[in-house]
Amino acid sequence: MVYISNTVKNKKLSGNGQYTQLCQQFFEDKYGFNKCLLTTSCTDALEMCAILLDIKPEDEVIIPSFTFVSTANAFVLRGANVVFCDSSEQHPNIDPDLIEKLITPNTKAIVVVHYAGVACDMDRIMNIANKHNLFVVEDAAQAVDSYYKGKPLGGIGHLAAFSFHETKNISSGEGGMLVVNDHQFAERSEIIWEKGTNRAAFFKGEVDKYNWVDIGSSYLPSEITAAFLWAQLEGLEDIQAKRKSIYNSYLQLLKPLEEKRLLKLPRIPNYATNNGHMFYILCKTNEQRESLICHLKQNDILAVFHYLPLHKSPFYSDKHLGAIPRCDDYADHIVRLPFYFDLLDSEIEYIVSKIKLFFSTESSL
Ligand SMILES: Cc1ncc(COP(=O)(O)O)c(C=O)c1O
């Protein structure tokens, strides 16, 4: 609240002020990202990526089908054809083994999503991209403070996008951030961010007037949003410690059910870290998943499914041919358990006890 009232006292409510710069600098210093720009959402940051990559009609972009609509929509807005890729067997993330088959002379970029904050196999993906001269965008919406072989997620692809929506570890209500790792995009990213003008360069004293120089939009958040985010970033370590402890409690308490093969728990590959973004379980069938959600609801527990396959969406199904079976399986079987900073140990125990009750009646059927 102090930071928000400072923005009012300082009469600096519009974007790119003190708090915006503090937040951007925080990410650049802590994670070594080359250049960060706060945006009003991850969706906006992804749209900026599509503009920066000069995506044009007929360009193809390879995207996992198991993701949020914005991952694909940002590129479709520029006229791209989205080529959907399946998830891997071990994890909902994109399967690197399937990417190369989808590459054509029209392919321009691969967009990866670090689902639940768990890294995709980035060495393999970057090797494929380098071999075929493609750009890589990391949709790191859920991946703040998570790593791949010691490298922070969002710092590996040419560009990356984070979300600070209220459902994320670090939140400003709505909010996001573009990360520009490839220097060639740095200057243009500021122009696109500032409605297609060189206003940011003007404020840095690099030009004496600012003008319309490119396409762009209004992607900056206000200082009020940045001030809120700054307070969250100051608490990052506590937030992350608490979220990881919630994750570990669920994992320990639910392990016996996995050992009895009643459900599956999330897997974190050796190359990835867990950032405590979410905890999900995998049911055996869609019917079982629906009855579990219903059973939990009857016990005042809000557990939810997740993405619907984009290749089957009303908007894209007629533009996509072929099956994407693992994506369908994840979409049908995932249940996300309640996961928020204030969640108490006693509440986790209550939730797990109701899950156990459900599976004990199921297994005795
Ligand atoms: C993988 C992924 N990408 C993008 C987004 C969009 O984020 P935002 O709401 O900040 O635009 C989400 C939202 O949850 C997401 O899960």
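In this predicted model, the ligand sits in the largest pocket. Around the ligand there are 15 residues, of which T43, D139, S163, K168 and Y307 come nearest. Sorted by class, this shell holds eight polar, five nonpolar and two charged residues.

A look at individual atoms fills in the picture. The side chain of T43, one of the residues that come nearest, places a polar atom 2.5 Å from an oxygen atom of the ligand. For S163, an N or O atom of the side chain is 2.7 Å from a ligand oxygen atom. Q142 also takes part, with a polar side-chain atom 3.3 Å from an oxygen atom of the ligand. With a cut-off of 3.5 Å between N or O atoms, each of these pairs counts as a polar contact. On its own, the ligand has 390 Å² of accessible area, and the protein covers 91% of this.

Turning from the ligand to the aromatic rings, a search of the whole structure finds 24 aromatic pairs. Among them is the pair of Y3 and Y19, whose ring centres are 5.4 Å apart and whose planes lie at 40 degrees to one another, a tilted arrangement. Because Y3 belongs to helix α1 (residues 2-9) and Y19 to helix α2 (residues 18-31), this pair ties together parts that are 16 residues apart in sequence.

Terms used:
Residues are numbered from 1 along each chain as its sequence is written. This is a predicted model: local features need pLDDT of at least 70, side-chain atom pairs count only at pLDDT 80 or more; totals for chains, interfaces and linings use all residues. Side-chain values use heavy atoms; hydrogens and water are left out. A residue is near a molecule or strand if one of its heavy atoms lies within 4 Å of it. A polar contact is a pair of N or O atoms within 3.5 Å; within protein, one must be able to donate a hydrogen and the other to accept it, and residues adjacent in sequence count only if both atoms are side-chain atoms. Accessible areas come from the Shrake-Rupley method with a 1.4 Å probe; for residues, only the protein chains shown count as cover. On a 1 Å grid over the protein atoms alone, a cavity is a set of points where a 1.4 Å probe fits but cannot get out, and a pocket is an open set with protein on both sides within 12 Å along at least five of seven lines; lining residues have an atom within 4 Å of a point. A molecule sits in a cavity or pocket if more than half of its atoms lie within 2 Å of its grid points. Ala, Val, Leu, Ile, Met, Phe, Trp, Tyr, Cys and Pro count as nonpolar, Asp, Glu, Lys and Arg as charged, and the others, Gly among them, as polar. Rings of Phe, Tyr and Trp (its six-membered ring) pair if their centres lie within 6.5 Å; planes under 30 degrees apart count as stacked, over 60 as edge-to-face and the rest as tilted. Helices (H or I, at least four residues) and strands (E, at least two) are DSSP runs, numbered from the N terminus.
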